[in-house]
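Colleague: I would like a close look at a single part of this protein. Please take one strand and follow it out to whatever surrounds it.

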Amino acid sequence: MKQHWLAASACLLTGVTPAFAWEPTKAIEIVVPFAAGGASDQMARTIQGIIQKNNLSSQPIIVVNKPAAGGAEGMLEIQKSAGDPHKLITTSSGIFMTPMATKLPLNWTEYTPVAMMAQDSFVLWVNAKAPYQNAGDFMAAAKAASLPLKLGGTSSKREDNLIVFAMEKAGGVKFAYIPHTSGGQASTQLSGGHIEASTNNPAEDVANWRGGATKPLCVFSEQKMAYTTPVADGKSWADIPTCTSQGLNVTYQMLRGMFMPGKVTKDQQAYYVGLFKKVSDTAEWKDYLARSALVPDYRDGDAFVQFLKADEEKHAKLMSDAGFMAK
């Protein structure tokens, strides 16, 4: 152990990067199981840029979008790529929910967990011209509407849909949930007035908020977001009240993590754990967390695995309560 520490110290003093037991020999592919423009896509491309800018990998990073079947196509590709250390997937709580909703013959334990990069919040967004000033206004309008209000999100029987179900249960109302291939698409539909609201992540609607097309009513979190830098309309993410404080008792956050296919070696896994830890320590990543209002929560190793086990159990109950479990 002492010799290992001395060798590492010598490398640092001489400016030589210590060699890994394994390093990639060709381009690294990050699969995004959603269309371009959504929060998952934004995260993958941010990571790609950070790695390239800081020369953290000798091989190029390629981002590939596979949005079919609510993310199932991308997930199945990684499952079929067992043993391939040059493929990764960025995913969210859908890693549990898609198999639960579809009976997809896949479980996250067939993947190799690398790192959780952050947790993400959800916001109730409406068109900027809408009369609603808070969640109470919106829920009252939903109750009074002769037809269910159209509320959009990413995919069916996934995180957004789960939040909409919780809103229905909490408010005693019924919505017409409209699934989209990405949060970016949902934001476009909201800004055009084709849906009444969306449950997008902060990063998925920030551009339209800045452009004056949409506005946030509340965040589905137990606490307000921490970022105080003004974003739009003189308001910061921290100025958005929680939905609970406005009488809509719904809270939900999701993981944003990186996985490899199964059946890779410990050395191959260790390489990527080291890579994403370096990414998480950069100033660029911290800036991205602030811009996207993500909750900083880096985990790897056993801490990440234990989180996944608990999160899977939580989502099994949520999916069952919503009637989203495949029969």
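Modeller: What follows is a walk along strand E12, then the cavity beside it and the disulfide.

Keep in mind that this is a predicted model. Strand E12 covers residues 254–260. How many of its seven residues are buried? Seven of the seven are, and E12 is mostly covered.

Now the two faces. In a regular strand the side chains alternate between the two faces of the sheet. In E12, Met254, Arg256, Met258 and Met260 point one way. Leu255, Gly257 and Phe259 point the other way. Both sets are buried, so each residue falls under the 20% relative accessibility cut-off.

Next, the partners. E12 pairs with strand E3, residues 87–91, in the antiparallel sense. That pairing runs over three bridges. Thr90 stands opposite Met258 here. E12 also pairs with strand E4, residues 112–120, again in the antiparallel sense. This pairing runs over seven bridges. Met116 stands opposite Gly257 in E12.

E12 also helps to line a cavity. A search of the whole structure finds one cavity of 30 Å³ or more. The volume of the largest cavity is about 120 Å³. Its lining has 16 residues, and the closest to its centre are Phe34, Thr154, Glu204, Met254 and Arg256. Met254 and Arg256 point the one way from E12, together with Met258 and Met260.

Which elements supply at least two residues each to this lining? Helix H2 (39–53), helix H6 (159–171) and E12 do. By type, the lining divides into four nonpolar, seven polar and five charged residues. By domain, at least three residues come from domain 1 (28–119 + 254–322) and at least three from domain 2 (120–252).

Last, the disulfide. The structure holds one. A disulfide is a covalent bond between the sulfur atoms of two cysteines. Here Cys218 and Cys243 form it, with their sulfur atoms 2.1 Å apart. Where do these two cysteines lie? Cys218 is in strand E9 (residues 214–219), and Cys243 is in the loop between strand E11 (235–236) and E12. The pair therefore ties together parts that are 25 residues apart in sequence. The torsion about the S-S bond is about 85 degrees, so the disulfide is right-handed. Are the two cysteines buried or exposed? Cys218 has 0% relative accessibility, so Cys218 counts as buried. Cys243 also has 0%, so Cys243 counts as buried too.

Note on methods
Residues numbered from 1 in each chain as written. Predicted model: local features only at pLDDT ≥ 70, side-chain atom pairs only at ≥ 80, totals over all residues. Heavy atoms only, no water. Disulfide = S-S within 2.5 Å. Helix = DSSP H or I, 4+ residues; strand = E, 2+ residues; numbered from the N terminus. Buried < 20%, exposed > 50% of the residue type's maximum accessible area, 1.4 Å probe, protein only. 1 Å grid on protein atoms, 1.4 Å probe; cavity = no way out; pocket = protein on both sides within 12 Å on 5 of 7 lines; lining within 4 Å. Points joined across faces, edges and corners; volume = space filled by probe spheres on them. Nonpolar A, V, L, I, M, F, W, Y, C, P; charged D, E, K, R; others polar. Domains from an automatic or database assignment. Pairing = 2+ DSSP bridges.
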